[in-house]
Amino acid sequence: MDRPLTPSDFWAKLKYKDNDRSTGEVVDWHPLLAHSADVAAVTEALLRRTILHDRLASLIGWGDLSDVHVARLAALAALHDAGKVTQGFQNRAFGEKPESDHVTPMVNVYNASEPLSYLAPLGVADLQNWADDLDVLGHLLLATFGHHGAPVKPGTHDPMLWEASDIRDPKAGLARLDTHVREWFPSAYDGVSSPFPATPVFQHAFNGLLTLADWIGSDETLFPFADTTKTPMKRARSHAAEAVSELFLDPSGPRAALHEGSGFDQILEEPDWDPYPIQRAVRDVPLHENGGLAVLESDTGSGKTEAALARYVRLFRGGLVDGLYFAVPTRTAATQLHDRVTAAVRRLFPEEQRPPVVQAVPGYIKADDMTATRLPNSFAVRWDEDIQHRGWAAESSKRYLAGPIAVGTVDQVLLSTLQASHAHMRATALLRHFLVVDEVHASDAYMTRLMDRVLDQHLAAGGHALLMSATLGASARVRLTTDDGNMPDQDTAEAEDYPLVTHVDADRTDPESTHAVSSDASKTVAPKLCGDADAPEDVARRALSHAQDGARVLIIRNLVDDCIQTQKELESLAEDKDFLFGVNDTPAPHHSRFAPDDRQQLDDAVENIFGPDTPNRGIVAVATQTVEQSLDLDADLMITDLCPMDVLLQRIGRLHRHSRDRPDGYDTAQCVVLTPEERDLAPHISDDGQAFGPHGLGTVYGDLRALDATWSVLENDNLAPWQIPEDNRTLVERATHPDALRAVVTDGDDAWHRHEQWVLGSKQADRQATGHVTIDRTRPFGAEPFPDDLGTAKTRLGQEDYRVELPEPAPGPFGTPIGELSVSEWQLDDPPESEEASDVSQEDGGFSFWFSGHSFQYNRLGLSSQSK
């Protein structure tokens with residue numbers, strides 16, 4: 001403001017000297033009326049200039065939101081910070097008591113002896129005809145006031161916060177706000193339109209919209225502090241118009257600039273590219289006006305990513321989506337895919353109208369090919385180049401889904417349905433997007449149920465989604481594409497075409513499928529069983545002998561400990577260290593227990609050696625599941641632990657992935673599957689039915705039925721050798737279909753029956769667990785408060801990872817200083833009280849440190865605990 005703040009002013013935002021509140025010196029302030037106008041104007045702009053207008057209407061079951069409805073929602077948004085008129089909040093500028101926040105006092109008036117006496121100055125009597133009844137209006141107001149990332153349940157009302165003083169009258173402040181809102185949105189009060197019905201999912205979505213608008217309207221780079229209290233709405237609408245354009249939330253510019261012929265040529269940077277039939281089929285799936293879901297089943301390397309991008313272009317051009325979120329299972333996959341999508345977007349859109357591509361991976365701040373750094377002791381970031389506001393959505397994980405195009409982990413999508421901070425904002429922002437989920441699997445009941453909830457809301461709002469997998473079984477396809485479809489028997493499932501794209505509209509009542517060839521690529525895989533899972537020295541010797549023949553050998557162990565032990569045996573046998581994979585001439589395995597910077601070096605190194613354009617050489621890399629997807633690797637021979645068939649086919653995707661000259665004797669891809677010596681998994685089943693076998697059999701992969709069925713398929717000489725992808729359908733159904741799993745039990749003893757009950761019970765428990773941590777959008781907003789600890793809701797069940805920060809960077813095993821890493825929950829006795837490590841000591845090839853009462857060592861083999 002152009003004058004100092006006085007106690008009689010109603011402020012909304014303050015700026016302190018040196019950005020330090022402890023100084024107590026206010027150097028600038030933003031009036032409550034100005035901020036209220038800012039957020040209302042952004043809400044109005046989002047409803048008028050983005051597809052959220054249609055999505056919110058669909059959630060109610062309406063064909064449209066009228067201008068009156070838009071005005072009413074914007075007017076409600078203007079009331080979002082009404083609680084800032086209270087004495088407790090305004091006192092914060094002057095160091096007076098009592099102090100309070102602004103959300104809970106406003107919500108707590110619901111528990112006052114006469115609530116309407118507090119709400120009356122806001123004109124609540126005139127708002128009653130905006131909703132079906134007073135109860136619906138009450139929940140809409142709760143959605144308005146509870147805009148800080150979680151619903152707030154009314155608590156104890158404190159009338160003292162509302163008492164007038166000699167310098168300030170909170171109720172007069174509300175009346176003044178009401179007067180201005182009526183001036184800003186006259187049609188909201190004078191217009192005639194249908195009342196908002198008792199539709200809880202709409203209330204939840206409106207809260208997400210308002211929260212997003214508040215984030216934008218609170219950004220000082222987009223909405224500078226006002227110079228005057230005059231004409232706040234004129235100023236706000238001007239800034240809002242610029243904001244939705246600069247943040248690429250308004251898709252009209254990029255949509256108009258998208259060339260009419262944009263398609264596979266631009267996506268692939270190959271002139272006259274002739275897409276594979278399955279890619280065309282995905283692109284050409286009918287555009288269901290009420291929203292639609294497509295499920296693509298196609299082999300690894302068949303261009304699923306490009307097919308998804310081509311479909312996005314078609315949906316975007318047709319005005320059916322405003323953006324894209326590409327969800328993948330791992331951080332590594334997300335960082336690599338981000339680069340590919342960024343390159344494709346650069347070719348699809350002219351520079352001046354090119355939407356930014358956000359990398360939605362916590363720990364990184366990246367948009368397009370530019371990376372920012374967070375400023376010390378601040379929420380602000382510094383970009384290396386002036387990219388204006390292109391990186392806005394990348395600056396906070398809570399804003400990732402607000403980007404026009406984002407590539408990240410599936411966790412960011414699942415957070416939109418959990419009782420987690422800012423889940424509502426994530427969910428509403430996601431409604432704008434074409435949601436693409438890669439590597440969909442049905443084995444994780446917990447994550448599957450979370451994704452079901454996301455899809456239910458997305459489709460109910462008229463959204464569009466594409467789910468992709470190389471190894472999806474019939475049971476998963478039927479569940480995803482039908483409301484209550486009949487499961488085909490195993491023979492029928494095996495007879496289904498492959499590759500296949502199945503599509504259905506938002507009602508999911510009449511799915512249709514199209515078969516198309518994925519590519520002209522086909523490979524023969526010779527699987528071989530080997531009972532050496534317990535003999536890492538023999539595994540290493542076998543791998544080394546193939547490397548000496550010139551083969552590129554990839555060993556995948558299910559457990560990190562097995563991976564490290566195999567690596568040690570390999571090193572002891574290899575007289576020529578050139579046969580050993582490593583980084584900067586330092587031998588190393590590839591697994592998850594490495595610091596982020598070293599993990600990136602390992603990813604780069606394995607692709608540089610096993611990548612498609614690298615020269616042939618004999619070499620062995622020992623890894624875990626970290627290489628079974630996302631990385632573009634091409635091995636001549638693979639040695640892998642036994643795993644479920646869908647996972648095995650993912651791993652086989654790293655065999656003969658590209659056309660290239662092979663060493664003599666390796667024209668056929670070879671896959672050696674390691675098993676225990678004894679052909680009986682039943683001894684690993686405990687009395688309660690849970691399994692605890694070696695090499696991840698029963699721990700990493702808890703369903704021994706799927707492992708036994710896979711083992712049986714591998715024993716079937718009538719199927720070998722495998723022709724991939726032609727045999728994918730048969731292989732998957734024979735090892736994952738419910739009939740196949742049931743046969744394992746009926747052919748086995750009592751231990752298998754106990755195990756089946758444990759597996760089914762565990763899956764049911766996991767599904768039920770989602771009910772305790774997800775948002776119930778069938779209940780009105782505010783009826784279900786979030787837990788006090790918003791960090792308890794997980795996107796994946798399992799062990800936590802805890803961040804460890806070193807006092808100062810220590811030399812890492814590959815030459816990069818290490819400033820932070822992670823330890824797993826199982827490596828500690830209790831959750832750590834601090835993120836800081838102590839007693840860091842440099843050692844040959846790495847360092848050791850203490851953390852949470854335990855000693856750790858970090859070197860070229862990764863992180864290990866010395867005390868457990």
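Which residues of the largest nonpolar core touch the most other members? They are Leu73, Val181, Phe185, Ile216, Tyr325, Trp383 and Leu435, in a core of 127 residues. The model is predicted.

## Cores

Helix α1 (residues 32-49) supplies the largest share of this core, 10 residues. Another core lies apart from it, with 70 residues. Ala588, Ala595, Ala605 and Ile724 are among its members. In soluble globular proteins, nonpolar side chains tend to be buried together.

Leu73 shows what such a core residue touches. Beyond its neighbours within four places in sequence, Leu73 is in contact with Thr43, Leu47, Leu56, Leu65, Phe196, Phe202 and Phe206.

## The loop at Ser193

Ser193 sits in the loop between α10 (186-190) and α11 (200-217). Its contacts, sequence neighbours within four places aside, are Ser66, Val68, His69 and Arg72. Val68 is 125 residues away from Ser193 in sequence, yet the two C-alpha atoms are 6.4 Å apart. The side chain of Ser193 makes polar contacts with two of these residues, tabulated here together with a contact at the start of α30.

| Polar contact | Atoms | Distance |
|---|---|---|
| Ser193 and Ser66 | side chain to side chain | 3.1 Å |
| Ser193 and His69 | side chain to side chain | 3.0 Å |
| Asp749 and Ala751 | side-chain oxygen to backbone nitrogen | within 3.0 Å |

## Sheets and strands

An open sheet of 11 strands runs in the order β8-β7-β6-β5-β9-β4-β10-β11-β3-β12-β13, with mixed pairing. Its edges are β8 (381-383) and β13 (512-515), each paired on one side only. Inside the order, β4 (residues 323-328) and β10 (residues 433-437) pair in the parallel sense over five bridges. Leu324 has Phe434 of β10 as its bridge partner.

Strand β15 (residues 552-556) runs parallel to β18, and five bridges join them. Leu554 has Ala621 of β18 as its bridge partner.

Why is β18 (residues 619-623) largely enclosed by the rest of the structure? Five of its five residues are buried, so the rest of the structure largely encloses it. In a regular strand the side chains alternate between the two faces of the sheet. Both faces of β18 are covered. Ile619, Ala621 and Ala623 are buried on one side, Val620 and Val622 on the other.

## Helix α30

Helix α30 (residues 750-773) has 24 residues. From first C-alpha to last it reaches 35 Å, close to the 34 Å expected at 1.5 Å a residue. At its start, a side-chain oxygen of Asp749 comes within 3.0 Å of the backbone nitrogen of Ala751. The buried residues of α30 are Ala751, Trp752, His755, Glu756, Val759, Thr770 and Val773. Their cover includes α20 (445-460), α27 (704-715) and α29 (738-746).

## Aromatic pairs

How many aromatic pairs does the structure hold? It holds 12. In one of them, the ring centres of Tyr118 and Trp162 are 5.7 Å apart and the planes stand at 65°, so the pair is edge-to-face. This pair links distant parts of the chain, 44 residues apart. Tyr118 belongs to helix α6 (residues 115-119), whereas Trp162 lies in the loop between α8 (134-145) and α9 (170-184). Tyr118 is buried at 11% relative accessible area. Trp162 is buried as well, at 3% relative accessibility.

Ring pairs also build a cluster, linking Phe594, Phe814, Phe847, Phe849, Phe856 and Tyr858.

How values were computed
Residues numbered from 1 in each chain as written. Predicted model: local features only at pLDDT ≥ 70, side-chain atom pairs only at ≥ 80, totals over all residues. Heavy atoms only, no water. Buried < 20%, exposed > 50% of the residue type's maximum accessible area, 1.4 Å probe, protein only. Helix = DSSP H or I, 4+ residues; strand = E, 2+ residues; numbered from the N terminus. Pairing = 2+ DSSP bridges. Core = buried A, V, L, I, M, F, W, Y, C linked by side-chain atoms within 4.5 Å. Contact = heavy atoms within 4.5 Å. Polar contact = N/O pair within 3.5 Å; in protein donor to acceptor, adjacent residues only side chain to side chain. Expected span 1.5 Å × (residues − 1). Phe/Tyr/Trp six-rings, centres within 6.5 Å; stacked < 30°, edge-to-face > 60°.
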